[in-house]
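Colleague: Could I ask for a close look at one part of this structure, namely a place where helices pack, followed by an account of what surrounds it? Please write for a student who is in the first year of study.

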Amino acid sequence: MNIILRQLRQFHALARARHFGRAAAASLATLAQLMRRPRSSIVDAARGRRHFQRRSVARRRMESMKVDGKPWRPIWLEADGSSVGIIDQTRLPFAFETTRLSSEAEAAHAIRAMLVRGAPLIGATAAYGMALAMRADPSDTNLAGAYERLFETRPTAINLGWALDGMRRRLAPLAPAEREAAAYARAAEIVEEDVEINRRIGAHGLELIQAIAARKPGPVNILTHCNAGWLATCDWGTATSPMYQAHDAGIAVHVWVDETRPRNQGSHLTAWELHNHGVPHTVIVDNAGGHLMQRGQVDICFTGTDRTTATGDVCNKIGTYLKALAAADNGVPFYVCLPSPTIDWTVRDGVREIPIEERSAAEVTEVTGIAPDGAVVQTRVVSPGSPAANPAFDVTPARLVTGLVTERGVAEASEAGLLGLFPERGSS
């Protein structure tokens, strides 16, 4: 088992560094022999399924969003091969700090306290949380317990349950001694699959931006809500992927960034991302979007989603529904970008069936900012003694969504539209 783990970590490190020469080939061959698994399945763990092809230098340059010119991802396996590194998003945008997760409990805390957030990244973090749990205790009892503890961290994002279900299916049939290596392999698969899915989402969304750019002078003005960027995924982002790909392709774009109260994921995270990647943008208050649409200053809206129903309803950060209403009233196309694991094929009515997380009132009554002396402080902004409610998400009915941008293409926001791209789900 120690030999397998060493080889797995060696191959994973080579894959992360994109060194696919003799060393990686030898490591892959050794792993295939030791684990008695096809080489392709081990490649999947490092690169994502169907994605181990030789790629052009141009695409390599496009991969990974940048911070001060350096490529970063929001989650990675540390050099020790067992602990997991993340960007602590609660510290952004005033400080860029990373932290290390060395236990299942730390992974659960990172999800619950929103050190990581965004449906795809929550799923990836939970998968690594299961791996950390198997490293500590690979017993059946701990497998079941870790699943339940991680599942309870955030109730709305479907990717959490999707990732944990996949981990349990992969691990449960295995002998306890085999679970640690298999858990790390599956967690790595989930990360790399998400990266490729988001790249493809961006490619399909790019076509929408190109069509607008071809018929108007000046930049394409895009409005987005919350943070559906690379910080919310494993790279690229969902709603931001078309923006990044358009910008990198030389298309003039400008992004209106909703501040997204109460946690300000737009003004804190999306703005930080776009600034660091060099994408022109302007932060606006949450209620300004309709005003801009009335004056023709928004060409298209892109948002993400934490859960999408089988019929095309979209559950996303609170305030998304109001943007969709304004877009519909002003004839502005409203697109939702989503990876297929975000589709909940078991739910048909988003308003009635999707649980809406109610978060702490303190997120409404207090804000974080920088004091005159440079210290990061929290300040109360609500009248003392007044209560506050904090529903974290709302549901946008499918009728208000122009289209759903997935890794397989753009679908009508309907059951028929989704099944047209995912026909294998027709019998589920």
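**A pair of helices and their surroundings**

Modeller: In this predicted model, the axes of helix α8, residues 158–171, and helix α9, residues 176–215, come within 10 Å and cross at roughly 145°. The crossing in which α8 passes α9 is right-handed. On the side of α8, the residues that make the contact are W162, A163, M167, R170 and L171. On the side of α9, they are R179, A182, A183, R186, A187, E189, I190 and E193. When the residues of this contact are sorted by character, eight are nonpolar and five are charged, while no polar residue takes part.

Helix α9 also holds A188. Is A188 buried or exposed? A188 is buried, because its relative accessibility is 3% and the term applies to values under 20%. A188 also shows how distant parts of a chain can be brought together in space: A188 and W76 are 112 residues apart in sequence, yet their C-alpha atoms are 8.8 Å apart.

W76 leads us to the strand β3, which spans residues 75–77. This strand belongs to an open sheet of three strands, ordered β3-β4-β5 and paired in the antiparallel sense. Each of β3 and β5 has a single partner strand and stands at an edge, so one side of each is left without a neighbour in the sheet. On average, neighbouring strands of the sheet are turned by 25° against each other, if direction is ignored. The pairing of β3 with β4 is antiparallel and runs over three bridges. One residue of this pairing is L77, whose bridge partner in β4 is V84. The sheet also has a helix packed on it: α6, residues 119–136, touches β3, β4 and β5, and its direction makes about 25° with that of β3.

The loops beside these strands deserve attention as well. Between β4 (84–87) and β5 (98–101) lies a loop that contains P93. The peptide bond that joins L92 to P93 is cis, with omega at about 5°. Another loop, between β1 (65–67) and β2 (70–72), contains D68. D68 is not a glycine, and yet its phi is positive, at about 55°. Is D68 buried or exposed? D68 is exposed, because its relative accessible area is 72% and exposed residues are those over 50%.

A positive phi is also found further along the chain, at W236, which is not a glycine either; there the value is about 70°. W236 is placed in the loop between β6 (220–224) and α10 (241–248). With a relative accessibility of 1%, W236 counts as buried.

Strand β6 then takes us to β7. The two strands pair in the parallel sense over five bridges, and one of the residues involved is L223, whose bridge partner in β7 is W256. How many of the six residues of β7 are buried? Six of the six are buried. Both faces of β7 are covered: V253, V255 and V257 lie on one side, whereas H254, W256 and D258 lie on the other. After β7 (253–258), the loop that leads to α11 (265–277) contains P262. A cis peptide bond joins R261 to P262, and its omega is about 10°.

One more loop may be examined in the same manner. S414 is situated between β18 (409–411) and α16 (415–421), and with a relative accessibility of 14% it is classed as buried. The side chain of S414 makes a polar contact of 2.6 Å with the side chain of E412. Apart from neighbours within four places in sequence, S414 is in contact with A310, T311 and G312.

Finally, these details may be set within the whole. The protein has 16 helices and 18 strands. Of its 428 residues, 57% are buried. Among contacts with a separation of 6 or more, 72% are between residues 24 or more positions apart.

How values were computed
Residues numbered from 1 in each chain as written. Predicted model: local features only at pLDDT ≥ 70, side-chain atom pairs only at ≥ 80, totals over all residues. Heavy atoms only, no water. Helix = DSSP H or I, 4+ residues; strand = E, 2+ residues; numbered from the N terminus. Buried < 20%, exposed > 50% of the residue type's maximum accessible area, 1.4 Å probe, protein only. Axes fitted to C-alpha atoms, helices over the stretch in contact; angles between N-to-C directions. Left-handed = near helix turned anticlockwise from the far one by under 90°. Contact = heavy atoms within 4.5 Å. Nonpolar A, V, L, I, M, F, W, Y, C, P; charged D, E, K, R; others polar. Polar contact = N/O pair within 3.5 Å; in protein donor to acceptor, adjacent residues only side chain to side chain. Pairing = 2+ DSSP bridges.
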